[in-house]
Amino acid sequence: MTALATSSPSETGLEISTEDTLLRVRNLCKHFPVFSRGFIKKQIATIRAVDQVSFDLKRGETLGLVGESGSGKTTCARTILRALQPTEGEVLFRANGKTIDLSKTPERDLKPLRTKMQMIFQDPFSSLNPRMTVGEIVGEPLTIHRLAKGSEWEERIVEMLRRVGLKPEHRQRYPHAFSGGQRQRIGIARALIMRPSLVIADEAVSALDVSVQAQVINLLKDLQNELNLTYIFVAHDLSVVRHVCDRVAVMYAGKIVEIAPTLELFDEPKHPYTKALISAIPSPDPDIKLDFSIGGEVADPGNLPGGCSFHPRCPECFAPCKTEVPELIRLEKNRQTACHLYTP
Ligand code: SF4
């Protein structure tokens, strides 16, 4: 239950009014202009990679951000962390007892905030410098942010390696000497060594074998409890999300089309796109017949169809879907969906 607390003044005059809310995203947009070729460049289209995304994230919560490739989930995550500059909207983040709007924070003021928000990437090998030892890789953020040096720097690296299930002596070795699962542990150690409060895991276990996936997921859960972490778990694999997340936000063509607690979303999906994604999860029982499938291509965010962006693929499409954009409406306390089949 969300406890109401005295609103905190923000650096920007904005505020988060509940004390257990770490992140509040409001109407976040990331649009990319498309220009014509030739001498005189004219804007001929806009790619709406992220469009009017809103959600809250509580401390200690894990939110899944799911959708097919091209749905905008990774761009959304990168825009929240200010790896990309938002086109519009607010990203309110609690740090050091203040509410800060990351979308408006000048670049020079972002550096100290970056210690509080980190990303874990899909491919641990490509994100690790092969010429650096594991100790240098894990300890580099401490050096960049001048948070530790000398024996303290060493101690924090050793402590972090232990936390992720690696040995202190591993810090002398190079990344190529490790398996895929171990390299992901190195990536996790590097992301967590500055003790962030918000961690975005972008397809963090997608490249791993299923058995290793389970180990890394269990590690992330343990670290969440030990270090009081809040996660956004970006994934296309719903079976992974099901085991990790408290809530799931489903994205299609840059928008959230459904957001709900994980169990409710899987037990009773509302939006036809969510139904299709869940139906596409391979069933271990061959006798279970899926009654819903998804065809066609993901909508092009630079050339979206009118009305509901999903309508050309939707088996439940009816007249208003082709002309009216459905709003994200609240169905129940914790459930929202954007579909003309539902009314508030
Ligand atoms: Fe399908 Fe219409 Fe709902 Fe879009 S609004 S998901 S087309 S039923």
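What volume does the second largest cavity have? In this predicted model, the second largest cavity has a volume of about 40 Å³, and it belongs to a set of two cavities of 30 Å³ or more. Its lining is made up of Glu203, Ala204, Val205, Ser206, Phe233, Val234, Ala235, Asp237 and Val240. Strand 8, which spans residues 230–235, makes the greatest contribution to this lining, with three residues. Sorted by class, the lining of the second largest cavity comprises six nonpolar residues, one polar residue and two charged residues.

The largest cavity, for its part, has a volume of about 100 Å³. It is lined by 15 residues, of which Pro272, Cys308, Cys314, Cys321 and Cys339 are the closest to its centre. The class composition of this lining is eleven nonpolar, three polar and one charged. The largest cavity is also the space taken by the ligand, and the residues that surround the ligand are His271, Pro272, Cys308, Phe310, His311, Cys314, Glu316, Cys321, Cys339, His340 and Leu341. Within this shell, seven residues are nonpolar, three are polar and one is charged.

Glu316, a member of the shell around the ligand, also takes part in a salt bridge with Lys275, in which the side chains meet at an N to O distance of 3.2 Å. Because Glu316 lies in the loop between helix 9 (272–279) and strand 11 (329–332), whereas Lys275 lies in helix 9, the pair ties together parts that are 41 residues apart in sequence. With a relative accessibility of 27%, Glu316 counts as partly exposed.

Salt bridges number 19 in the structure. One of them joins Arg26 to Asp56, with the closest N and O atoms 3.0 Å apart. This pair links distant parts of the chain, since Arg26 belongs to strand 1 (residues 21–35) and Asp56 to strand 2 (residues 43–58), with the two positions 30 residues apart in sequence. Both partners fall into the partly exposed class, Arg26 at 26% relative accessibility and Asp56 at 23%.

A further salt bridge is found where the side chains of Asp101 and Lys104 meet, at 3.2 Å from N to O. Here the partners fall into separate accessibility classes: Asp101 is buried, as its relative accessible area is 0%, whereas Lys104 counts as exposed, at 52% relative accessibility. In addition to such pairs, Glu159, Arg163, Arg195 and Glu226 are joined into one network by salt bridges that share partners.

The loop between helix 9 and strand 11, in which Glu316 is placed, also contains Gly295. Gly295 has a relative accessible area of 36% and is therefore partly exposed. Between Gly295 and Gly180 the separation is 115 residues in sequence, and in space their C-alpha atoms are 33 Å apart.

Notes. Residues are numbered from 1 along each chain as its sequence is written. This is a predicted model: local features need pLDDT of at least 70, side-chain atom pairs count only at pLDDT 80 or more; totals for chains, interfaces and linings use all residues. Side-chain values use heavy atoms; hydrogens and water are left out. A residue is near a molecule or strand if one of its heavy atoms lies within 4 Å of it. On a 1 Å grid over the protein atoms alone, a cavity is a set of points where a 1.4 Å probe fits but cannot get out, and a pocket is an open set with protein on both sides within 12 Å along at least five of seven lines; lining residues have an atom within 4 Å of a point. A molecule sits in a cavity or pocket if more than half of its atoms lie within 2 Å of its grid points. Ala, Val, Leu, Ile, Met, Phe, Trp, Tyr, Cys and Pro count as nonpolar, Asp, Glu, Lys and Arg as charged, and the others, Gly among them, as polar. A salt bridge is a side-chain nitrogen of Lys or Arg within 4 Å of a carboxyl oxygen of Asp or Glu. Helices (H or I, at least four residues) and strands (E, at least two) are DSSP runs, numbered from the N terminus. Buried means under 20% relative accessible area, exposed over 50%, partly exposed in between (1.4 Å probe, protein chains only). Grid points are joined across faces, edges and corners, and a volume is the space filled by probe spheres set on the points.
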